Amino acid sequence: MSPILRLSATQQLTRCARQSLTTALRPAYRAARLPRVAPESFSKPGPRFYSTKRPLKQPGSDGTPAGKNAKTDSKPPPPPKASPDKTPAADKQPEDLPPLPSGWVRLEVEELAELEKVSKRFTSPQREIVEEIVQSVAIIGAPQELRDLLTKGKAGELGIVDGVRLLRTSTQIAKRIAEYRHKHPEKFEKFNHLDEPLEGAPRQGQERQQEQGGGEGEGEGQQRRADGKGGKNEEPPRFKWPEPSDIATWAIVMMVLFPMFRVLFPSSESREITWQELRKNFLDRGLVHKMVVFGNRVRVELDREALQGVYPDSPANSPNFSYYFSIGSVDAFERRLDQAQQELGIPPSERIPVSYESEGMLGNMLFAFGPTLLLFGLIAWASRRASGMGSGSSGMFGFGKSKAKMFNHDSAVKVKFADVAGMDEAKVEIMEFVSFLRTPERFQRLGAKIPRGAILSGPPGTGKTLLAKATAGESQVPFFSVSGSEFVEMFVGVGASRVRDLFATARKNAPCIIFIDEIDAIGRSRSEGGGFRGGGNDEREATLNQILTEMDGFNTSEQVVVLAGTNRPDVLDQALMRPGRFDRHINIDRPTMAGRKDIFKVHLGKIVTVEDMEYLTGRLAALTPGFSGADIANAVNEAALVAARANADTVEMIHFEQAIERVVGGLERKSLVLSPEEKRTVAYHEAGHAICGWFFRWADPLLKVSIIPRGQGALGYAQYLPSGDAYLMTTNQLMDRMAMTLGGRVSEELHFPTVTTGASDDFKKVTRMASTMVTQWGMSEKLGPLHFQNDPNSLHKPFAESTAQTIDSEVRRIVDEAYKQCKDLLTAKKKEIGIVAEELLRKEMLTRDDMVRLLGPREWPEKAEFAKYFGQEGGPPPPFPTESTDSPTEPQPAIFEEPSAKPEDVAK
Ligand SMILES: Nc1ncnc2c1ncn2[C@@H]1O[C@H](COP(=O)(O)OP(=O)(O)OP(=O)(O)O)[C@@H](O)[C@H]1O
């Protein structure tokens, strides 16, 4: 049971009132006296208090000007002394008193006296305030509820809930005091000193300053009165109720903290004594009225009248004071008390009553559950905070909330179409979305349905995200960016919930763009491997279904465009791709020569260089076939870093070339030291490739050859420049390329008694090329124009065994032909191989110029592009970097990964 139930009526009221009166009454009371501007008054023009002086009296009502009144106010009258026999009510004639609202009563003298006792529990200035309030209650009355509470309090039956009722009653009284006082300030003249500001109340302090200084404040007040907004006509200030949440807070604070506080910090008006002291001072003298056992303590209630006689000066005479002592166990206490009473000869009928209270139950409960509650509170708080700070997710852990980042055109999305170079067709396609978001009526007017979304597909780094951002930047609408994987969580249903949340947020912000990057994380075909994957798929499917539903859900006028990016459009679910969902499929491939030039232009804009831009971009574009936009951005940045490392003032051509080699070939491996024999083998191997590249008509032009180890496992390499962006290859080109790839091994055979393992990768590539020629490109006369795709996941070949044998024999035939072609050439050019290899061993790296010097000019005409940037027209090729990095992805065969020859096909 709460201690609140154990106290006398006055004590109980005091405790409740200490909270409620000081919090509820006082702010409300003061609110009336120092009128605040209610929030509504900002929007609703009406008379307000602007005067720096309070209109406590109507000027002239007693012949005193208001200013004088105010002066008198500053001297607070002594607080009226209240006594039980002389209350303010007793001074008043019934006709002086205001009528009572319904449900209100006029308190009796005894009741007011009981209330007066409350004030004694407070120290000044609260005490004065409570006294004034009690006197005000005498004038204006009080709700019947207060009388009930007083009656309950007298009977000692007040409970925790009564605290809340008292709070409510107090607020009602405060409100009425405020209103009544405003109407009849003269009746409250003696309370004016309470208008003095409370300590630390800045607003009121300001007011006092204005009152004292007069000047500015007065002027302002006058000015406002002149506006007709102040002065005599003002209405009573609106009483501002405490916010319901405040009341709830007070109630909770009272109910929860008060008992807890009491448990933790026993009242200062109780004191612990020992059993011996109790026995000697009180028990033996018959002063004990009752004992209350609570927990392992016993409170001693003394007979106060008898106590007054025996110990007139004891603090225990105060009604709020009690003694208590601790016990080991209740049984031991009872035995001891029995024994003591027997010794004292107290007859059983007059024995001291002992009652048992489950005091501290609430406290114990709080202690028991407190940590758990605290933990939950902390979690809830942390999750709310996280949601406030982050991406807008909220609620318990914010699981179901979308993690989409929102970019606003004012803030983040500054990307424009001008920043996206190349991909002109993709831009045109997507431009339509921009015009839809900008001028939807242009389309709707003709009855056209607005496309809902577009899938941007293409290899990594080709600028899909950039294009989506530029769309947002151009259309000046909010842009929600989320990755497909962010929908995936370990809890089932979270993905779907996030999708719902994302679309709901987007609709609120329409017109807007949602961009889901890597949509294949959730948009994979539902039929794909369903049986094998088990439950894990359910969550992904639920998420996908939700996306399908949401995309169906919004109507065409909603102006929410969904763009999605993926590298794997082939695995996406068909339902996602159908018209009405992602209507447009925009394929963004690696940039062409012109595209690369444009992309270089965009990124070179941020770099300090004095090179001729036209020549530089052209040459760099020619040097970087197969580069994606991201590769280009990386190479440009790398060039700047190389230049910075060399302390150069500007980034020069050589830095760009070094950077490109580093991007393509990886880091130079200086730590890898080859033996002289190994080095020699590598030199002859690379010379074999170089000679083939130089003398075969359809081979790609050689740029350089090197025997410096680089990247992963490449001991040397020859770099060729694929003939621009060639999208078709002839059989001759393929045969020359295969023969050139075999050049390394053939050279080893011709110059050394044994061969090495170094050509393994070359064979792999040659075999792959030959089988693609046979099975897919229809370049075998025996097999004819058939396409055989061998699915590695399938147990059965999609062709007959005899066909398989024919394929094998045809592949062998082609490779043999290439080998023969290579061997014939290299046998004829054995001397030249030796020259190149020896020069390589000396210089480690040979350029095209060196080759011309050693072998004479190449017999076959070069392509225009090559001639422009690397031939005689374009001036001599740049000097080769003596240190740093270089090379294509792999030694020589890197060429097979160049896109100019549709490398995806070749490489399969
Ligand atoms: N066409 C382009 N013009 C200019 N810069 C580009 C272009 N394409 C790519 N880039 C550069 O490459 C960076 C990466 O591009 P982006 O993130 O758009 O590629 P992506 O296609 O979305 O890649 P992924 O498929 O891996 O997500 C861009 O920030 C930009 O610097």
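**Ligand shell and surrounding elements**

In this predicted model, the ligand is surrounded by 19 residues, of which Gly 463, Lys 464, Thr 465, Leu 466 and Gly 629 come nearest. Three elements each give two or more residues to this shell: helix 18 (464-475), helix 24 (593-604) and helix 26 (629-645). By residue class, the shell splits into nine nonpolar, eight polar and two charged residues. Both domain 3 (405-587) and domain 4 (593-665) contribute to the shell, so the ligand sits between them.

Stepping back to the whole chain, the protein runs to 908 residues, and 37% of them count as buried. Its secondary structure consists of 35 helices and 16 strands. Taking contacts between residues at least 6 apart in sequence, 76% link residues at least 24 apart.

Two spots in domain 3 can be picked out by their loops. Met 423 falls in the loop between strand 8 (405-407) and helix 16 (424-438). Its phi is near 35°, a positive value in a residue other than glycine. Met 423 is also buried, because 28 C-beta neighbours lie inside 10 Å. Val 488, for its part, belongs to the loop that runs between strand 10 (479-483) and helix 19 (494-508). With 16 other C-beta atoms within 10 Å, Val 488 comes out as partly exposed. Setting aside neighbours within four places in sequence, Val 488 has contacts with Gly 495, Ala 521, Ile 522, Glu 539 and Arg 540. As for Ile 522, 34 residues separate it from Val 488 in sequence, yet their C-alpha atoms are 7.7 Å apart in space.

Back on the domain 4 side, helix 26 is followed by a loop leading to helix 27, and Asn 647 lies in that loop. Asn 647 is another residue other than glycine with a positive phi, here near 55°. Only 6 C-beta neighbours fall inside 10 Å of Asn 647, so this residue counts as exposed.

Helix 27 (residues 653-665) has the length one would expect: at 1.5 Å a residue its 13 residues should span 18 Å, and its end C-alpha atoms are indeed 18 Å apart. The helix is mostly covered, with eleven of the 13 residues buried. Among the buried ones are His 655, Phe 656, Ile 660, Val 663 and Val 664, but also Glu 657, Glu 661 and Arg 662. What do the buried residues of helix 27 pack against? Their partners are helix 25 (613-623), helix 26 and strand 15; helix 26 is also one of the elements that supply the ligand shell. Just past the end of helix 27, Gly 666 takes a positive phi of about 90°.

The loop from helix 27 to helix 28 holds Arg 669. Arg 669 has 16 C-beta neighbours inside 10 Å and therefore counts as partly exposed. Neighbours within four places in sequence aside, its contacts are Pro 709 and Arg 710. Arg 669 and Ile 708 are 39 residues apart in sequence, with 7.6 Å between their C-alpha atoms.

Helix 28 (residues 676-695) likewise agrees with expectation, since 20 residues at 1.5 Å each should span 28 Å and the end C-alpha atoms are 28 Å apart. Of its 20 residues, 15 are buried, so the rest of the structure largely encloses this helix.

Beyond helix 28 come two paired strands. Strand 14 (residues 702-706) and strand 15 run antiparallel to each other over four bridges, and Lys 704 stands opposite Gln 719 in strand 15. Strand 15 (residues 717-720) sends Tyr 717 and Gln 719 one way and Ala 718 and Tyr 720 the other, and all are buried.

Leu 702 is part of strand 14. With 23 other C-beta atoms within 10 Å, Leu 702 is buried. Residues up to four places away in sequence left out, Leu 702 touches Ala 690, Gly 693, Trp 694, Ala 718, Tyr 720, Arg 848 and Met 851. Ile 691 is eleven residues from Leu 702 along the chain, and the two C-alpha atoms are separated by 9.5 Å.

Methods. Residues are numbered from 1 along each chain as its sequence is written. This is a predicted model: local features need pLDDT of at least 70, side-chain atom pairs count only at pLDDT 80 or more; totals for chains, interfaces and linings use all residues. A residue is near a molecule or strand if its C-beta atom, placed from the backbone, lies within 6 Å of it. Ala, Val, Leu, Ile, Met, Phe, Trp, Tyr, Cys and Pro count as nonpolar, Asp, Glu, Lys and Arg as charged, and the others, Gly among them, as polar. Domain bounds come from an automatic or database domain assignment. A residue is buried if 20 or more other C-beta atoms lie within 10 Å of its own, exposed if 12 or fewer, and partly exposed in between; C-beta atoms are placed from the backbone. Two strands pair if DSSP finds at least two bridges between them. Two residues are in contact if their C-beta atoms, placed from the backbone, lie within 7 Å. The expected span of a helix is 1.5 Å times one less than its number of residues.
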